[in-house]
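Thanks for coming. I have one chain to go through today, and I will keep it short.

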Amino acid sequence: QVQLVESGGGLVQAGGSLSVSCAASGSIFYINDMGWYRQAPGKQRELVAVISKVGTTNYADAVKGRFTISRDNAKNTVYLQMNSLKPEDTAVYYCNADTYVSSRYRNYYWGQGTQVTVSS
């Protein structure tokens, strides 16, 4: 099995910065894309940012220019640096990893989520 453990997050005032990280461990053969999603109360989970194994990134329009996703392949870890935070960024942030546990078996794994709260 594969486990994704998130850390970071917390409470910050609008305009501030926070970072979150997510480390994958377990029976990992290969990880393709890693990403961050978020879910605000009463809303659907949405993509925030995704990064490929070679470092190609994509961001949701709402966070472009403010958030930066990065990863360390040697550590199977993905990071999200969040700057110029807004109250509407308040959500539970989840990491996701497109993971091969063998040469044939592939699955998408999720972290447990970490709360990010931005006060106005």
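I will start with the overall layout and then move to the core.

Please keep in mind that this is a predicted model. In secondary structure, the chain has eleven strands and zero helices, so nothing but β appears when its pattern is read along the sequence.

On overall dimensions, the C-alpha trace spans about 45 × 25 × 20 Å along its principal axes. The radius of gyration is 14 Å, which agrees with the value near 14 Å for a compact globule, because that is what the rule gives for 120 residues.

Now contacts. Counting those with a separation of 6 or more, 55% are between residues 24 or more positions apart.

On the surface, the accessible area comes to about 6400 Å², and carbon and sulfur atoms hold 48% of that. The chain carries 11 positive and 8 negative charges, and the mean positions of the two sets lie 4 Å apart.

Next, the interior. Of the 120 residues, 39% count as buried. The largest nonpolar core has 28 residues, and those touching the most other members are Trp-36, Leu-80, Met-82 and Tyr-93. Strands that each supply at least two residues of this core include β1 (2-8), β4 (30-39), β8 (77-82) and β9 (91-100). In general, nonpolar side chains tend to be buried together in soluble globular proteins.

Which residues does Leu-80 touch, leaving out those up to four places away in sequence? Among them are Leu-18, Val-20, Trp-36, Val-48, Phe-67, Ile-69 and Tyr-93. Leu-80 also touches Ser-19, Ala-49 and Thr-68.

That is the last item I have.

Notes. Residues are numbered from 1 along each chain as its sequence is written. This is a predicted model: local features need pLDDT of at least 70, side-chain atom pairs count only at pLDDT 80 or more; totals for chains, interfaces and linings use all residues. Side-chain values use heavy atoms; hydrogens and water are left out. Helices (H or I, at least four residues) and strands (E, at least two) are DSSP runs, numbered from the N terminus. The radius of gyration is taken over C-alpha atoms; the globule rule is 2.2 Å times the number of residues to the power 0.38. Buried means under 20% relative accessible area, exposed over 50%, partly exposed in between (1.4 Å probe, protein chains only). Contact means heavy atoms within 4.5 Å. Accessible areas come from the Shrake-Rupley method with a 1.4 Å probe; for residues, only the protein chains shown count as cover. Lys and Arg count as positive and Asp and Glu as negative; His and the chain ends are not counted. The place of a charge is taken as NZ of Lys, CZ of Arg, CG of Asp or CD of Glu. A nonpolar core is a set of buried Ala, Val, Leu, Ile, Met, Phe, Trp, Tyr and Cys residues joined through side-chain atoms within 4.5 Å.
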